[in-house]
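Me: Pick one spot in this model and give me a close look at it, then follow the chain outwards from there. Keep it casual, but don't skip the cut-offs.

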Amino acid sequence: MNEIVDYTPPKVWAWDKSGGGRFSSINRPIAGATHEKALPVGKHPLQLYSLATPNGVKVTVMLEELLAAGHRGAEYDAWLIRIMEGDQFGSGFVEVNPNSKIPALVDRSGANPIRVFESGSILVYLAEKFGAFLPTDAAKRAEVLSWLFWQMGAGPMLGGGFGHFYAYAPVKIEYAIDRFAMEAKRQLDVLDRRLGESEYVGGDAYSIADMAVWPWYGALVTGQVYDAGEFLEVDAYKNVLRWTDLVGARPAVRRGRMVNRIMGDPASQLHERHDAGDFDTRTQDKLERAAVESRTP
């Protein structure tokens, strides 16, 4: 058992810039831009500014699913926002999302650009814009939205709670890890029970609820985040594992997971996406190989 160190909070909290661990360079107690930087704008109706974190993957999966379903108006440019370098604090990004979090979307298909931020909001906006992946029947729609917002509420406990203290915090705090491990397993149990009675999270049909939940919980049970599979005994959640494989096998999901990815196998990384052909020609392995070949006499 870890030694418990007493801590008495001061009367007024003060920001210790050196106490943030891995994220000390980008976490701060104030909002707003830190530097002037305009956002690039591509040729497509939708401009996405993001990174392939679980929240970012939600939106690129949705966009790829819309295109796969034949919605040509969903063509998009995906620009890379390197959050560890502070791109989210540039003036252009803050104009689109004053909360300085990815993903952020600008819809330029109409007379005036429309900004949309927060991943759940973007999913609902796109679903309503294209009439896809969100049922129109009142009861079915309510079920999908309920599970979408379940993820939006549960996600911070999983990522900012369990993931942070288990994988990223500069010191291991037994109380914090135990507290959030309990919550992570409770959430997995909620999801496993739901998927024991329904093929997809929102019901019988694939929907934006699956697109929201899969990047978090699918990644968790397959060891793609936090490396905590054994610790959380994820093999016990058979229904979550079934659904994770089902959703992960979709071609649009595979493509969406590649967009704005900067980690892992270079063949799985498409730093920016401006054309459907980029998946075949501009993944990081191909760009790196071309760079080497260009330097070879």
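Reply: Glu-118 counts as partly exposed, with a relative accessibility of 36%. On that scale, buried is under 20% relative accessible area, exposed is over 50%, and partly exposed is what falls in between (1.4 Å probe, protein chains only). Before going on: this is a predicted model, where local features need pLDDT of at least 70 and side-chain atom pairs count only at pLDDT 80 or more, while totals for chains, interfaces and linings use all residues. Numbering starts from 1 along each chain as its sequence is written, and side-chain values use heavy atoms, with hydrogens and water left out.

Back to Glu-118. Its phi is near 80°, a positive value in a residue other than glycine. Most residues other than glycine have a negative phi, and most peptide bonds are trans. Glu-118 sits in the loop between E4 and helix H3 (119-130); helices (H or I, at least four residues) and strands (E, at least two) are DSSP runs, numbered from the N terminus.

Phe-133 has a positive phi too, near 65°, and again in a residue other than glycine. You'll find Phe-133 in the loop between H3 and H4, and at 19% relative accessibility Phe-133 counts as buried. In between, the charged end of Lys-129 sits over the ring of Phe-130, 5.7 Å from its centre. The test there is NZ of Lys or CZ of Arg within 6 Å of the ring centre and within 35 degrees of the ring normal. The charged end of Arg-250 does likewise over the ring of Tyr-206, at 3.7 Å from its centre.

Now go back up the chain from Glu-118 into the strands. E4 (residues 114-117) runs antiparallel to E3, and four bridges join them; two strands pair if DSSP finds at least two bridges between them. A hairpin of six residues makes the connection from E3 to E4. On its other pairing, E3 goes antiparallel with strand E1 (residues 46-50) over four bridges. Asp-107 is a handy marker in E3: Leu-46 stands opposite Asp-107, and so does Ile-114 from E4. Within E3 (residues 104-107), Ala-104 and Val-106 point one way while Leu-105 and Asp-107 point the other way, and all are buried.

Just ahead of E3 there's another backbone oddity: the peptide bond joining Ile-102 and Pro-103 is cis, with omega about 0°. Pro-103 belongs to the loop between helix H2 (91-96) and E3.

Helix H1 (residues 54-68) is worth a detour. Going by 1.5 Å times one less than the number of residues, its 15 residues should span 21 Å, and the end C-alpha atoms are indeed 21 Å apart. With 13 of its 15 residues buried, H1 is largely enclosed by the rest of the structure. Gly-70, just after H1, takes a positive phi of about 95°.

Downstream of Phe-133, UniProt lists residues 137-266 as "domain: GST C-terminal" in an unreviewed entry; its positions are in the numbering used here, feature names are shortened, and annotations may be inferred rather than shown by experiment. That span is 71% helix and 0% strand, with its end C-alpha atoms 42 Å apart.

What about aromatics? Rings of Phe, Tyr and Trp (its six-membered ring) pair if their centres lie within 6.5 Å; planes under 30 degrees apart count as stacked, over 60 as edge-to-face and the rest as tilted. By that rule there are 10 aromatic pairs. Phe-162 and Tyr-226 have ring centres 6.2 Å apart and planes at 80°, so they are edge-to-face. Phe-162 is in helix H4 (residues 138-168) and Tyr-226 in the loop between helix H6 (208-221) and helix H7 (229-232), which puts the partners 64 residues apart. Both are buried: Phe-162 at 1% relative accessibility, Tyr-226 at 14%. Phe-162 also stacks with Phe-231, at 6.2 Å centre to centre and 20° between the planes. Since Phe-231 lies in helix H7, that pair ties H4 to a part 69 residues away in sequence. Phe-231 itself is partly exposed at 39%. Together with Tyr-166 and Tyr-168, Phe-162, Tyr-226 and Phe-231 form one aromatic cluster.
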